[in-house]
Structure formats: structure tokens, C-alpha cells
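Me: I'm new to this structure and would like a close look at a single part, chain A, and how the other chains fit around that part. Could you walk me through it in one go?

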Amino acid sequence: MLLLTLRRLAQMIPTVAAVVLTIFVLFSVVPGSIASSMFDDGRGMDPQVMERKRKELGLDKPIHQRFVDYVGKLATGDLGRSFKYDVPVTQVLADRMGPSLKLTLAAMAFAIVIGIPLGFFAALKPGSLGDFGTMVAAVSGLSLPKFWLGLMLAYLFALQLKWLPSFGYGDGGLRYLILPAVTLGVSPMALFARTTRAAVLEIMNADFVRTARSKGMGEVRVVSWHVARNVLVLVLTAVGLQFGALLSQAVVVEQVFSWPGLGSLLISSINDRDIPAVQGCILVIVLFFLAINAAVDVAYSLIDPRIRYG
Amino acid sequence: MNVGAPLLEVVDLRIDLADAGLRHAAVEGVSFSIPRGETFGLVGESGCGKSITALAVMGLLRPPLAIGAGRILLEGREIQALPQSGLKRLRGRRIAMIFQEPMTALNPLSSVGRQIAEMFVLHEGAGWRQAQDKAVEALRMVRVPSPERRAKDYPHQLSGGMRQRVMIAIALACRPALLVADEPTTALDVTVQSEIIDLMQELCAEKGTAILMISHDLGLVARMCRRVAVMYAGRLVEERAAHDVFRAPSHPYTQGLVASMPRLGARAAHGRNRLQEIKGVVPSIAAYPPGCRFHPRCGSASDVCRKVPPEQTGIEGGGTVCCYHHA
Amino acid sequence: MRLRVNLVMGGALFALAVGAAVLAPLIATHHPFLDANLMNSELPPGSEYLLGTDKQGRDIYSRIVWGAQISLMVGVVSQLINTVIGTMLGLTGGYWGGKWDDFVSGLTNLMLSIPSLIFALAIIAVLGRGLMSLLIALGLTNWSFTCRIARASALSLKSQGYVQAAKTLGYSDMRIMLTQLLPNMVGPIIVIGTLGMGGAILAEAALSFLGLGVQPPWPSWGSMLSDARDAIITGQVWIPLFPGLAIFFTVLGLNLLGDGLRDVLDPQSKVRSA
């Protein structure tokens, strides 16, 4: 298994390199120099000041030189200095990572714990009212704009019923996490329910399930010994894919609930034209996403012997 | 010789197919019996209903198929109306089944050893460790080389013939009285086919297990079975000793089938001849002709054949046939 | 049975949205932003202002109806760009193979490694706010699925007999791709395009909500919601409720339509509803 993990991580390297290159290219192509975006408030800038700033930021060097410098800095964990806060970007990011992780994991947990069993039960009674209802709910869940859902939930639970706080991280307690996590987790939950349902229906009609029954197994054993793992394999793909979407959507949800994570940092940095911070955020988010994908791949090969012993 | 009550008795079985509100009788009026330890063949073309008859015996029919009428008796007890809980107790223990496609019939995520071991855990109350050991013995019994290593393999790592051996090991693990084999060799190479058939016959003879062999392969059934039943379009048309069916077929359909078998050495003996065929095609379930279902393709069809379906009548030498113009 | 329900309901909802967009000048009761009257701000739904007014006294109903034009336009255009890019890349990559295919595959993998909304945000960060940036950002970040499908189709189809025949007849590559291969991929591409449009509308709404999409004073359903954040606290729930419902029903319509089309055009796909 260690070998597998290492191999998978090695496969990540070219992708990471490509991502770093893309981010660099994207942000170096900024029309108008980076220096001027620092002072983008409409005031004419003194050309001498601008020239000085440019030298400071190394913007006068040719592009390939800048790229080498950039990669070099990345290797040492230096993501530059935030324009706005004038501290290393890494410092700004560090504070925000914890809340982002908490939110993403909580949302995923919610989606898995509710979505998969829901899909399971819908599949066990196909065509029933419960099944139909679940599927309608699933499609709706996928069509909801998250920020709107967040607002509506906040309205209902925080303002009308006053059960939960409506925004912010507060003391880091669970109460503050619930609304954002549920808001973020609704559409993956819907997707998992649908995928699980389709997977269960497909597996329950498979030949080896018929064999299992012919052996004299009761339905409960058939499901636990034979159906469950096969369904898991099919659902795992969906789970892995959803992480990416989750990371994207977290950006919006963090805004709605003023959740102090990477996402809201990204937005405020964009609004403040704090390019190093934007670059840093995006890099971290994408790297995290790639790491999750690698982890899902490894998990996959652990569960499915066809991949392990191919 | 086997005496006493037959092991399996199927009486006037009807299987219905529900199709958008309508119900068609996919299989109708099928009756046969299998004594203890006997090898019995059920032969017919694709779509004649032989596989679903086998599934009905096991109680494995799923919607839209269901048993519509008739009785199935196992060791004298009626089982066609048993709830799943009752059927569960019989399956694996008194009756077992092996299927046509060994690749898809085994759980791809579970080692073959474990899938065999399940039988011992389910039916003999064995612990897993003990069951795994017994599974290795079972693999040895079906002549899988290096059974200890093989037991840890997954289905996709084995060849088709090996997988079918695993299926046989599973089916015979708890010494059932009846083994239902649904075209077990159709998906295998010809060379492997006879190995598997020989294995089945040997093991079943040893344990006294009767075999209900479903096949479309006449040659196979002729070699293997003592008695043979021929099905056509959901009905049983002839049921006799294997030897008699092939030497002197009585129903026009069987006659056509036997005549159409190419014989080794026939060309040398009789010169080049066209392969015989039965004209026409098998009717679909929704469009079974009235009267005898074979009449549109039968050379001897007469008026009564077209209107009234024939009954199963006894024939000299033992057995039944379903025809007004049987030989 | 269920698939027809999908098609009908989805089609109806989407048609409703399109209808509202197209007929906006006729069915709006007020101007979306020039009729702002601070005296009338934050009124609940009533006879004059069908769905109430927002903080700046603008009629919500009219803004929703005009917003349909913008949101739908962005959704359609960006998805169209995505489909064209994805199809072209996938088709040529699969058909020509070799280094070009390696490049296309690599590019697709790269795109799939970066969550699309994040990428869109990055592009907007660089290009600045505005409608143009929005269309570029959305149009350049969502073509990967289409590309994969087109490429897989091209790969499997290019060894078909009729394609080989066309080649020996001297058909140019372009002609083969357009006349032989493309028609066979149309089904799944339409399905992904429809579902993608729903995604594009959600993305546009999200970006506008964040202030990075359609800029004021033009109404976009998303930006209407960002104006409404404070309204929740003071209890004027209608201000965010109706724009949100508009997004929801439009996207729901597209999702149902896409599902229905998938059942009809691409029956082998795994996620079946029946």
C-alpha cells in the first residue's frame, strides 16, 4: 500500500508543475503591471514610485527569470507578501486553513452520512412514493443556488426560530458550523443519493447477487456481504469528484456566512486586488484538491482487487 | 436403481410473465420428475423456457416473472408457495444451482476461498477460520491445483474453467440432494467443457446428488443424462429415456432437432448433404400460436393441431409425449 | 414513464424562463433600475409592485424578468463557448491522435485538476470585473467533460468502416470529422450541454452574488441576492426569496430536461432514474 501511495503521489508531480505554471502565467499576464494594481484607486501614480515598486517586486526581470524565482520561492514555502496586510502570504493563509478544512469536512460528512443511506433506501423500494420523493428532492438539491439556500436557512433557523447563529465562526463551536456545513453539503448529498440509488439498483440485479441468494443467504446477508462493497466502489468515484465542486462552492458559502476561511480570503483579496494573496489562495486550494484526488485513487485500489491485482 | 418417492416432482407448472398489465404464460403445463441421484436433462432452444423453469425450482424468479400455477415438490414437500424464509433454508442445503456465466456469477470483490467458505458458515455453523480450511478442501475436491494459493485469488484472476469449478465447489459444499445446472459449460471452451461435465458427474455420483441439467446442446445431454425432457415455446413436448429420445425421437420437433445434428463421419459415409434444419422460427411469448405451439413449423400438422393443444400422453417404453401425430 | 415527465416538466420550466427573458420589455411593470424610488423601498408584494421592492425601491418582479435576459444569455453563451471548445479539442484529439492528442489530454487533465469556479475566479481576478470577463471566465473553464466525451467518441468511431471508406474516397479530415463523426456524438454532447447550462447559470449567479459577475445597475438574479443579505436580518424575506426561486426553477428545469434528454439520447449511461 505504501508503494501505491508513493506511486500515486509521483503521478501528481507533472500535474502540480502544470498548475504552478498555469497560475504563474495567468497572473503575470496581468494587463497593467502588478505594481499599479496595488494602487488601483484611480489616482495617477508617480512613475518613479511605480518604477521603484516594480524593481522591489522583481517585475523588471524577464519572464523566465521571474518564473524560476517564483518556483524557487515556492519550494521554500514563500508565497510572497500580501499587498494589503503586508505580511507573508503564508501567514495570512495559515489562519484561514483551519476553518476551511472544518467546513469542507463537515459538509462532506453530512453529505455522505445522509445521502448514501437515503439512496440505499430509495433503491430498496424502487417505484415507491419514498423513492420518487427522494429522487425529486435529489434533483432539487442539485438545482439550488447555495448562497440562496444559505440565506433562506439563515433566515429560518437563525432569525425566525433563533436556534442557530446566523453567521461567523464565533468560538469555533459546533453551533456555528451547522448552517454553513448543511448549506454546502446539500448538493453533494443529492448527488450521492442519486448515485447510490443507481448503484444499488444495478448491483441488486447482478448475477453474483443471484448466486448469493441461491446459496441460501437471506437478504440482509446478501446486502452486507455482497452488495455493500460493490456499491461503495461505484459511489467512491462520485465522492472523489465532489470534493472539487465542494472546494469551489465553499468560496461562496463562506461569503454568505462570513466564515473566515480560504474562500472568503480569496474573494476579499480579489476585491482588494491583492495579487500575491489571490495567487497563494488559488495555489493552496488546487493543491489540496489534487491531494484529495490522489487519496481517493489510493482508497479505490484498496477496495477493488481488480485494480490492485489487475 | 432408485426406489421410493421422486426427489423432485414438477406438476403442471405455469410461469407467468407480466408485461405492462398483460400476463403471458411463458411456461405452461410442464410436468416431470427426477428420482434420487439421477441425471436429468432439460433441452430446448434459447427462449423455450428451460432456464426459467430451473429458476422456478430454486424459487429465484423475480418480477416480472412469477409462478402462476402448478406444484413443485421436493422430497415430497410442496415448495412452490414457500415464502423466502422457507426457501432460504432449502437453498444451498437441499438444492443448489450453478449458472452459465461464471465470471459474473461470482462477487468480484471477494476471494474465491471466502465465497466457498460462506457456505460452511451459513449452513454448518462453522467459524470463519474453519470454513476457510474447508474451502481449501473443496477446491481440492474440484481438482483446482494449488488450492491453498488459489483460495486467496479473486475471480478475475482465474480462467473460465476454474471459475466454474469454484461454482461447483460452492454448490456441492453442503451435499445437496439436487444440483440444478443452467448451461454450465456454454460459456467455456470446448476442451474445458468435457472436463467440467466429467467432474460434475463424478462428484454427484459420489455424493448421490441428482442433476437437473439445462442445456441447448443435444450431444452433451445425450452423453450425460439418463432421462431427457424436450421443451419448445414454453411447453414440454417429449420426456423419455435419453437413449430413446435420440435413437427414435417421437415428437416432430425432437425429430427435427436430432436430424439437424451434424454427425461425425456422415459425409464420408453418405456423401455431401445439406444440413437439415427446422423451417420457421420460434414464436415470441406474446405471439404463441393457438393449439399446438409447434404446428406452424410441423410437417405433420393437421386441423386439430391448429386448434387444441395436445395433452401429455404416455408412450410405450416409458415417458410422455405431447403430440397428436407422434411416432 | 418517468423520463417523459422529466422532459415535459423540464422543458416547461425552461421555456418559462426563456419566455420571461424574451418578453421582458413587454411583461415588466417597471424599469429595472431607472424606476428606483427610495420612498418605496422595501415594500412587500402588493398590487403595484408584484413581488415587492428592494432596498433602493426598485421593483423586484421587473428586475427578475429583465434579469432573466442577462442570466440566460450568460448561461447560453458561456455554455456554447464551452461546448465548441470541448468538441473541437476532443474531436481533433481523438481523431488525429499523436502529439496533438497528448496535448489535448494533458490540457484536459489540467483543467480537471482545477475546480472550475476557482479557475473562473482567477481569470476574473486578472481581467477585472465586467460582463466580458465573466463570459470569458465561464466559457474557458467548463469544457473538460465535453472534450472527454468527444474524444472518446472520436476514438471509437474513427476505426469504423464508413470512416475508413470516407478516407479512401479522399475526404479531407475536416470533412470526415464534421460529417461522419460529429453527428454521432451529438446526443451525449447535447445532454452535457443542457446540464452544463444549468451549471453555468448557477456559476453566474454565484459570481454575481460575490460582486464579480454582472455589474450593477443591471439586474442579475445573483446580484439581487447579494443586495438582499441585510434584508434577511430585518425580515424582508421576499427580497431574496423571489430571485432565488427564479434561479432554482430555471436550473431545475434545465436539470430535468438534461436528465430526460439523457434517457432518450444516451440510454447506456449509468445514472438512470428508473
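**A close look at chain A and its neighbours**

Reply: Let's start with how far to trust chain A. Within chain A, the confidence bottoms out in helix α2 (residues 34-38) of chain A, with a mean of 52, and peaks in α9(A), at 91. Keep in mind that this is a predicted model. Averaged over chain A, the pLDDT is 81, and 89% of its residues reach 70 or more.

Now for the company chain A keeps. Two pairs of chains are in contact, and chains A and C share the most contacts. On that side, 42 residues of chain A meet 37 residues of chain C. Seven helices of chain A each give two or more residues to the side that touches chain C: α1 (2-28), α6 (129-143), α7 (146-160), α8 (174-204), α10 (219-256), α11 (262-272) and α12 (275-303). Sort the residues on this side of chain A by class and you get 32 nonpolar, nine polar and one charged.

Then turn to chain B. Here 18 residues of chain A are in contact with 25 residues of chain B. The elements of chain A that supply two or more residues to this side are α9 (207-214), α10 and α13 (305-308). Of these, α9(A) gives the largest share, six residues. That is the helix where confidence in chain A is highest. The class make-up of the side of chain A that touches chain B is five nonpolar, six polar and seven charged residues. Notice that α10(A) turns up on the side that touches chain C and again on the side that touches chain B.

What about chains B and C? They do not touch, and their nearest C-alpha atoms are 12 Å apart.

Inside chain A, one helix pair deserves a visit. The axes of helix α5 (residues 89-124) of chain A and α11(A) come within 8 Å and cross at roughly 135°. The two helices are therefore oblique to each other. On the α5(A) side, the contact is made by A:Val92, A:Leu93, A:Arg96, A:Met97 and A:Ser100, and on the α11(A) side by A:Leu262, A:Gly263 and A:Leu265. By class, the residues of this contact come to five nonpolar, two polar and one charged. And α11(A) is also one of the helices that give two or more residues to the side of chain A that touches chain C.

Next, a look at the partner that meets chain A through α9(A), among others. Chain B has an open sheet of four strands in the order β2-β1-β4-β5, with antiparallel pairing. At the edges stand β2 (22-34) and β5 (77-78) of chain B, each with a single partner strand, so one side of each is left without a neighbour in the sheet. Helix α1 (residues 50-58) of chain B packs on the sheet, where it touches β1 (8-19), β2 and β4 of chain B, and its direction makes about 110° with that of β1(B).

You can follow the sheet strand by strand. Between β1(B) and β2(B), which run antiparallel, there are nine bridges. One of the pairings puts B:Val10 with B:Phe32 of β2(B). These strands form a hairpin with two residues between them, and B:Ala20 in the turn has a positive phi of about 50°. Moving on, eight bridges link β1(B) with β4(B), again in the antiparallel sense, and B:Glu9 sits opposite B:Leu73 in β4(B). Finally, strand β4 (residues 65-74) of chain B is joined to β5(B) by two bridges, with B:Leu74 opposite B:Arg77 in β5(B).

That leaves chain C, the partner that shares the most contacts with chain A. Its secondary structure comes to 12 helices and zero strands. The C-alpha atoms of chain C fill a box of roughly 75 × 45 × 30 Å along the principal axes. Of the 274 residues of chain C, 51% count as buried. Among contacts in chain C with a separation of 6 or more, 70% join residues 24 or more positions apart.

To end on a single residue, try C:Ala120, in helix α5 (residues 116-127) of chain C. It has 28 C-beta neighbours inside 10 Å, so C:Ala120 counts as buried. Leaving out residues up to four places away in sequence, C:Ala120 touches C:Ala137, C:Leu138, C:Thr141, C:Ala203 and C:Leu207. C:Leu182, by contrast, is 62 residues from C:Ala120 in sequence and 28 Å from it in space, C-alpha to C-alpha.

Terms used: Residues numbered from 1 in each chain as written. Chains lettered and ligands numbered in written order. Predicted model: local features only at pLDDT ≥ 70, side-chain atom pairs only at ≥ 80, totals over all residues. Contact = placed C-beta atoms within 7 Å. Nonpolar A, V, L, I, M, F, W, Y, C, P; charged D, E, K, R; others polar. pLDDT = per-residue confidence, 0-100. Pairing = 2+ DSSP bridges. Axes fitted to C-alpha atoms, helices over the stretch in contact; angles between N-to-C directions. Parallel < 35°, antiparallel > 145°, perpendicular 65-115°, else oblique. Buried ≥ 20, exposed ≤ 12 C-beta atoms within 10 Å, placed from the backbone.
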